[in-house]
Amino acid sequence: MGPDQAGLTQQMNNMDSRLNDNFSNALADAILQTTEDGILITDNSGLVLRYNAQFSELWRLNGALTDETTLDDIQEHLLKQVTNQQRFLDNLALYQNQPTIKAFDSLHLKDGRVYEQFSQPMYSDGEVVARVWSFRDLTLAERVQKELYKETSFRIAILNTLPDLIWLKDTQGIYLACNDRFEDFFGATEMEIVGKSDYDFVERDLADFFRQHDRKAMQKGGASVNEEWITFANDGHKELLETTKTPLYNHQQKLIGILGIGHNITERRTAEERLRESEERLSLAMRGANDGLWDWNLLNNEIYFSPRWKEMLGFEDEELPNHLDTWKRLVHPEDKAPVMDEITSFITGDTEALEIEMRMHHKQGHDVFILSRAIRLYQEADGRPVRLVGTHVDITERKRAEIHDERNAEILEMIAIGKPATEIYDAIALMYEARHPGMRCSLLELHKGRLLHGGAPSMPKAYCDAVHGLEFGPDIGSCGSSTYTGHRVIVEDIATDPKWATIRDAALPHGMRCCWSEPIKSSAGKVLGAFGMYYDHIASPNEEESNDLKAAARLASIVMERDQNQKRIHQLAYTDELTGLASRPHFFQFLDEMIKTSRRHQRRFSLLYIDLDNFKNVNDSLGHHVGDELLKVIAQRLKSLGRDVDFVARLSGDEFCILLDDVSDDYTTANLAKRCLERIAQPLQLSSRWHTPACSIGIAHYPDDGTDASMLLKAADTSLYAAKEHGKNRFAFYNQELTRKAEYRFQFEQYLREAIDNEQLTLVYQPQLHLTTGQIIGVEALSRWHHPVMGQIPPTEFIQVAEQIGMIKPLTRTILCNACRQAVSWQKQGLPLMRLSVNISPSHFLDEQLVTLIDQVLLETNMDPTLLELEVTETAVQTDQKNIAIFSRLKESGIQIAIDDFGTGYSSIASLKHLKVDSLKIDKYFINDMLLDKKTQYLVNTMIEMGHNLGHTIVAEGIETRAQMELLKQLNCDTAQGYLFSRPVVAEQIPSLILNGIPT
């Protein structure tokens, strides 16, 4: 072959190769696009080489994958959709580590879809160059499989729950299947039955009988029915079965077997026999009975009611038409639907007998109870009932007795299980009211000579309120008289009977005309109360009502005596007999409940353990009877502490406990302990001798010192021991630091009381300058307290304590008097007139007596009221009418009022519209920040402008720098006060400051 020919051959081979490659690519593309599977091809590095549209659709990828997309790029998107992400990642790692492996897996997606995943390597020249992934949606197939399984299981379950025997044989009599009921018949399982015949389980004669009927059905080509008695092998009982055997054919109409169904008709046959017997008996009874008869023709809906049927309801024969609507009109509305349902079931054969109780309306307006029985009369042609024939019997008296007995039993059950007495009293009253329509009943309990309503559910409230608490006596109505005499009292006419003279006006307006009362007595014959029966007409009791009155009182006596005994038992168990305080068991019960409540609501409470000091000496020297008298007095003194105490108990001997709930601070508990010490320490006479008792108190807190009763008592007992160790007649906290703080607080209070009473507090004065002129135009009086032991005490501390201990009023009076005397003294020295500012506590300022106090001070000191300015914080600036009146009265006296610390409180600015105020003092908080914070500067400017617009003078307090002063001048502030000008000074320094001036 020449070179040219060889080159041509090579070109042709190259062309064939390209054609083959193009064909292979086209074929691969066609397969990728036509298959329903999602296909993804990646190289060994995970780079996506090819994929089809079905892959994107299955995995819901947005947009096309590029030539640079890798498996890692879409891995997170795939992971978010599968339920078992770790398994998915493990498989990817497996394919990467073992590239030659083939794998098959099922993927369950979070939205319910199920994919079949197949992965295999792609080879080139014997080496793995890529991996092909195939995903197939099996969601529908899996659902079909599950539904098929459910349907099959459902059908098997139905077969096994049916009460009928079901079996399947082939044409040779060999069993192919059966249900559970049939297994009971043979006494074998389905696995033991299948593949065998009747001859393997029953006697030959019976097996021949079964086989004969199988052949009869197969020869007939249709269902064959017969009845047969069979004995069940599992337990030996017998049933009459109605057996239906039906031949089965395949799709080619070839006989393949017999389906058998055995239905138990034993009860039906027995019922039919009973019905025939009952029809005969009822037919005979109806002929001779005096009951009401009815006959209903079901074909034409005509109905017949006998004259006796109508007479039972109070009607003459001609008054009621013989129509079904007559019955519908007379039957009670609540009974109509249930009765019709019973009749319908009887007509259709769902029930074998008809015996119904119902209520029907009597002509006189009340209801009677009727028992109705009936039989069905059949038409021979189709066996369907054509008539119902029945009787009506009036069972009202029997039903009343049954209802009364049921309610009586319910009441006895209420007594047995310990229901509250008031509930049982109401139930007794309602029981006899139901027995006698129109009657109203009440139970009155006799307590310390007074009649108390125990139960009266139907009595008018106004009448009960009028009678409740009356003293019993011979002329206090029927119940008051019967409890007084211990005998039954019958009042036929309340309007005329003298026993009702004092209370008939409370009864007659409510329609009560007669009242019969039976005394309620205990088993020992003691009168406990009275049971009363009332009617709205004049009457005396008949025999039944008389017997019921006695029975009601006896039943009530059981409840009333039990209730009083329980109260007595409770009192003995939970009350200390000597002192009347709660007993030790009651204390522990109450403590446990308080712990539970406090734990649930995260509250804190205090336990005070009190022990009398030297009590043994009283018993030894004066006798135990005197000691008992002392304990009674101590108990009364502890109870007299009032609402501050939640619970007081005597634990034993001379030990007492107090529980104080919801305690937020230790001061409250310490204050109560101090009051206990003071109250108990009051002198008293014991056996003609004066004695001053004393006690020691240990204090524990929940949950600080213990979270259960045992821990708390141990902590309180420990602190009690500490109090006795330190000299007795004192209290101690479980935490000694709390004791120290409490003692400091009480010492502080005592020193403050002494300082106020002895006028040991002093005054200093801080000048107030006119910002424009720099002249001193006023001073603010400030109180100071220096104690020789406690040292200098800031006003913020002792003012607050003075308010808490009720000493703010005498303190205010002292300050006002001393300050006003000083101002008058300066005037007498020839100093210019200055405004004197005095701070008043908000709580005192809103006291109506403040105006009187100031008037007295002005009168005593001869102070000009126009030069006195009262400073009060925003707390007092409220638009309550009472507050407005106080402001107005002060202004009428000429006194000036300034709002101190303006801007820091919570008062409404609108309040300034209603209250007559002269000055607003801007708080130091704003002055400090206004040079540093532009917003604060705007606020200060706004307060100044607003104050001026309302006609108020503006005072800036706490000025410490010239820059602050210059800015306030620019903002047109009126008055200045602060350390820049002068600290508070004693009164003797004020004249020098006024005469020499203060440089600004």
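A residue is called buried here when its relative accessible area is under 20%, and exposed when that area is over 50%. With that in mind, open the structure, which is a predicted model.

**Stop 1: helix H28**

Select residues 849-861. This is helix H28, with 13 residues. From the first C-alpha to the last, H28 reaches 18 Å, close to the 18 Å expected at 1.5 Å a residue.

Next, colour the buried residues of H28: Leu 850, Val 851, Leu 853, Ile 854, Val 857, Leu 858 and Thr 861. Now look down the helix axis. The buried residues of H28 fall within an arc of 160°, so they line one face of the helix. An α-helix has 3.6 residues a turn, so residues three or four places apart point the same way.

Turn to the other side of H28 and pick out Gln 849 and Leu 859, which are exposed. Then step just past the end of H28 to Asn 862, where phi is positive, at about 60°.

**Stop 2: strand S30**

Select residues 776-787, which make up strand S30. How many of the 12 residues of S30 are buried? The count is 9, and the strand is mostly covered.

Add strand S29, residues 762-770. S29 and S30 run antiparallel and are joined by 8 bridges. To see one pairing, show Gln 768, which stands opposite Gly 778 in S30. The two strands form a hairpin with 5 residues between them. In that turn, select Gly 774, which has a positive phi of about 80°.

Keep Gly 778 on display and add strand S32, residues 835-839. Here the pairing with S30 is parallel, over 4 bridges. Arg 835 in S32 is the residue opposite Gly 778.

Finish this stop with strand S31, residues 791-793. S31 runs antiparallel to S30, with 3 bridges between them. Show Trp 785 together with its bridge partner in S31, Ile 793. A hairpin of 3 residues connects S30 to S31.

**Stop 3: the cysteines**

How many disulfides are there, if the two sulfur atoms must lie within 2.5 Å? The count is 0. Select Cys 817, which is in no disulfide. The cysteine sulfur nearest to that of Cys 817 belongs to Cys 820 and is 7.2 Å away. Cys 817 counts as buried, at 6% relative accessibility.

Last, select Cys 178. Cys 178 is also buried, with a relative accessible area of 10%.

Methods. Residues are numbered from 1 along each chain as its sequence is written. This is a predicted model: local features need pLDDT of at least 70, side-chain atom pairs count only at pLDDT 80 or more; totals for chains, interfaces and linings use all residues. Side-chain values use heavy atoms; hydrogens and water are left out. The expected span of a helix is 1.5 Å times one less than its number of residues. Buried means under 20% relative accessible area, exposed over 50%, partly exposed in between (1.4 Å probe, protein chains only). The arc is that of the directions from the helix axis to the C-beta atoms. Two strands pair if DSSP finds at least two bridges between them. A disulfide is a pair of cysteine sulfur atoms within 2.5 Å.
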